[in-house]
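Got a few minutes to look around a protein model? Let's take it in from the outside first, and then go down to single residues.

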Amino acid sequence: MAKAKVGILMLDNQIHRLKGDIGNPDTFSFPVVYKKVMGASNSRVVMEGDADLIEPFVQAAKELEEGGVKAITTSCGFLALYQKEIQQELAVPFFSSSLLQIPIASIAAGEPVGILTASTSSLTRAHLKGVRAEHQRTIIAGMDEMPAFSGAILKEEITLDERAVAEEMKQVTAELVAKNPELKAIILECTNMPPYKHAMREVTDLPIFDITTLVNYIHLSL
């Protein structure tokens, strides 16, 4: 088996990961290697933006470096907040979040760019600034009020219902594009969202960028 060139830092959670999710190795046509960052819960990363986690992420990333990976990414888009702090400690490229693609989408497709996030209440200008996307015009929509998604993926309180989450993703996407017909592209902040792009495609033909498009791009660069 070919040696993995891409390392993925995983949050410390127990989410069921469908094919298409960054945490499912079958998502990619090439090998990847995973490293869980112990203590990096959804609440600490997403809701709290806990800066005390920077060092554990750096240490885990360095272990991946020592294992020979040539680039590193993560399983949570909210780590955009600490792109610079983690990257500057590493010798290989670090891609914290799918949100790094906002500038690409805005240049290639135009503005505004829609951001579909796991938590609108948690996604701040500081996260966009972390990936140098604070100057692009963006419109944010979230899954905060969607019980199947939030309950299974964000809160980890219920079993994942794939069909229900797909319907919720379809609903939120339809509302986003209906309210904002000027949208030029959509970025999926959450790495658990890509398995549901088929549902989104039922209501929009806009370009959709996510963590899988980013990882595939990274791999091709290596």
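What follows is a short tour from overall form to a few particular spots.

## Ground rules

This is a predicted model, in which local features need pLDDT of at least 70 and side-chain atom pairs count only at pLDDT 80 or more, while totals for chains, interfaces and linings use all residues. Residues are numbered from 1 along each chain as its sequence is written, and side-chain values use heavy atoms, with hydrogens and water left out.

## The whole protein

Start with the building blocks: there are nine helices and eight strands in the protein. Both are DSSP runs numbered from the N terminus, with helices being H or I over at least four residues and strands being E over at least two. The protein is as compact as a globular protein of its length, because its radius of gyration is 16 Å, close to the 17 Å that the globule rule gives for 222 residues. That radius is taken over C-alpha atoms, and the rule is 2.2 Å times the number of residues to the power 0.38. If you boxed up the C-alpha atoms along the principal axes, you'd need roughly 50 × 40 × 35 Å.

How much of the protein is buried? Buried residues make up 56% of the 222. Here "buried" means under 20% relative accessible area, "exposed" means over 50%, and "partly exposed" is in between (1.4 Å probe, protein chains only).

The chain also meets itself across long stretches of sequence: of the contacts with a separation of 6 or more, 69% are between residues 24 or more positions apart. A contact means heavy atoms within 4.5 Å.

On the outside, the accessible surface comes to about 10,100 Å², and carbon and sulfur atoms own 51% of that. These areas come from the Shrake-Rupley method with a 1.4 Å probe, and for residues only the protein chains shown count as cover. As for charge, the protein has 21 positive and 28 negative side chains, with the centres of the two sets 6 Å apart. Lys and Arg count as positive, Asp and Glu as negative, and His and the chain ends are not counted. Each charge is placed at NZ of Lys, CZ of Arg, CG of Asp or CD of Glu.

## Cysteines without a bond

How many disulfides does a search of the whole structure find? The answer is zero. A disulfide is a pair of cysteine sulfur atoms within 2.5 Å. The sulfur of Cys 76 has its closest cysteine sulfur in Cys 190, but that is 7.0 Å away, so it is too far for a bond. Cys 76 is buried at 6% relative accessible area, and Cys 190 is buried at 5%.

## Around helix α6

Helix α6 (residues 147-154) has seven of its eight residues buried, so it is largely enclosed by the rest of the structure. Among those buried residues are Phe 149, Ile 153 and Leu 154. What do they pack against? The partners are α1 and α7 (162-179).

Asn 42 sits in helix α1 (residues 42-47) and is buried at 7% relative accessibility. Leaving aside neighbours within four places in sequence, Asn 42 has contacts that include Leu 11, Ile 153, Leu 154 and Glu 156. Leu 11 is 31 residues from Asn 42 along the chain, yet their C-alpha atoms are separated by 7.2 Å.

Glu 156 comes after α6, in the loop between α6 and α7.

## Backbone oddities

Two residues here have a positive phi without being glycine, and one peptide bond is cis. Phi is positive in Arg 132 and in Glu 156, while the cis bond runs from Glu 111 to Pro 112.

| Spot | Angle | Place |
|---|---|---|
| Arg 132 | phi near 55° | loop between α5 (125-130) and β6 (138-142) |
| Glu 156 | phi about 55° | loop between α6 and α7 |
| Glu 111 to Pro 112 | omega near 5° | Pro 112 in the loop between α4 (102-108) and β5 (113-117) |

Are these loop residues buried or exposed? Arg 132 is exposed, with 74% relative accessibility, whereas Glu 156 is partly exposed at 33%.

## One last stop

Finish at Ile 54, in helix α2 (residues 54-66). Ile 54 counts as buried at 17% relative accessibility. Not counting residues up to four places away in sequence, Ile 54 touches Tyr 82, Glu 85 and Ile 86. Ala 199 is 145 residues from Ile 54 in sequence, and the two are 35 Å apart in space, C-alpha to C-alpha.
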